[in-house]
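Me: I am new to reading protein models. Could you take one part of this one and walk me through it closely?

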Amino acid sequence: MKTNEEMRDGMEISILRISPNRPEKLEIHCHEVTEEVKDIVTFVKSRQGQLTGMIEGKQYEIPVTEVYYIEGIENNVFIYGRHKVYETRQKLYELEGILKEKYFLRVSKSVILNLMKVKAIKPVLNGRYSAILQNDEEIIISRKYVKELKKALKGEGV
């Protein structure tokens, strides 16, 4: 059953509701694979995937879409969600590699930030920036990483 249809820049967008026993899928019908189509595919892929974290010895699968940021403190790595903090055995550099294609960006020596969870960015002292997240937490972006952040925000790749 078609539930939504609209025209945007000559592109028809349709959403079809299916029964829960059928697998969900996304199809893109296009004349050519443009940058806009690639951006749509990248966005959809970034919304998929999971990480494994632990709370009090119990293991959880965390959808990447629910991760706000990841922080390394001493020899431990923590995954921060909206309300929960998970510990992971993976190293920060390993997670950075896994998440680079999913709109995550290293913003300091010890923090990887989910750009999809950023509500606002503002400059602070000494060339650093501050990212305000959707859960109102504030993450400081080190001066060393500001250039990469600006490139990512301009859509020049994450």
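Here is the part I would like to understand.

Me: Please look closely at the salt bridges. How many salt bridges are there by the rule used here? Which residues pair up with K25, D136 and K151? Are these residues buried or exposed? Then add a few words on strand β5 and the strands it is joined to.

Reply: One point before the details. This is a predicted model, and the values below are computed from it.

The count comes to four salt bridges. Three of them, taken one by one, are described here.

Start with K25. Its salt-bridge partner is E27. The closest N and O atoms of K25 and E27 are 3.0 Å apart. K25 has a relative accessible area of 69%, so K25 is exposed. E27 is at 46%, so E27 counts as partly exposed.

Next comes D136. D136 forms a salt bridge with K119. Here the closest N and O atoms are 2.4 Å apart. This pair links distant parts of the chain. D136 sits in the loop between β11 (129–133) and β12 (138–141). K119 belongs to strand β10, residues 118–123. The two residues are 17 residues apart. What about their exposure? D136 has 55% relative accessibility, and the cut-off for exposed is over 50%, so D136 counts as exposed. K119 has 48%, so K119 is partly exposed.

The third pair is K151 and E148. Their side chains meet in a salt bridge, with 3.9 Å from N to O. The rule asks for a distance within 4 Å, so this pair is counted. Both residues lie in helix α3, residues 146–153. They are three residues apart, about one turn of the helix. K151 is partly exposed, at 31%. E148 is partly exposed too, at 35%.

Now to strand β5, residues 69–73. This strand is mostly covered: four of its five residues are buried. Strand β5 is joined to β6 (residues 76–80) by five bridges, and the two run antiparallel. β5 and β6 form a hairpin, with two residues between them. E74 lies in that turn and has a positive phi of about 55°. Three bridges join β5 to strand β9 (residues 111–114), again antiparallel.

Follow one residue across. Y69 has Y80 as its bridge partner in β6. In β9, the bridge partner of Y69 is L113. One general point helps when you look at strands: in a regular strand, side chains alternate between the two faces of the sheet.

Notes. Residues numbered from 1 in each chain as written. Predicted model: local features only at pLDDT ≥ 70, side-chain atom pairs only at ≥ 80, totals over all residues. Heavy atoms only, no water. Buried < 20%, exposed > 50% of the residue type's maximum accessible area, 1.4 Å probe, protein only. Pairing = 2+ DSSP bridges.
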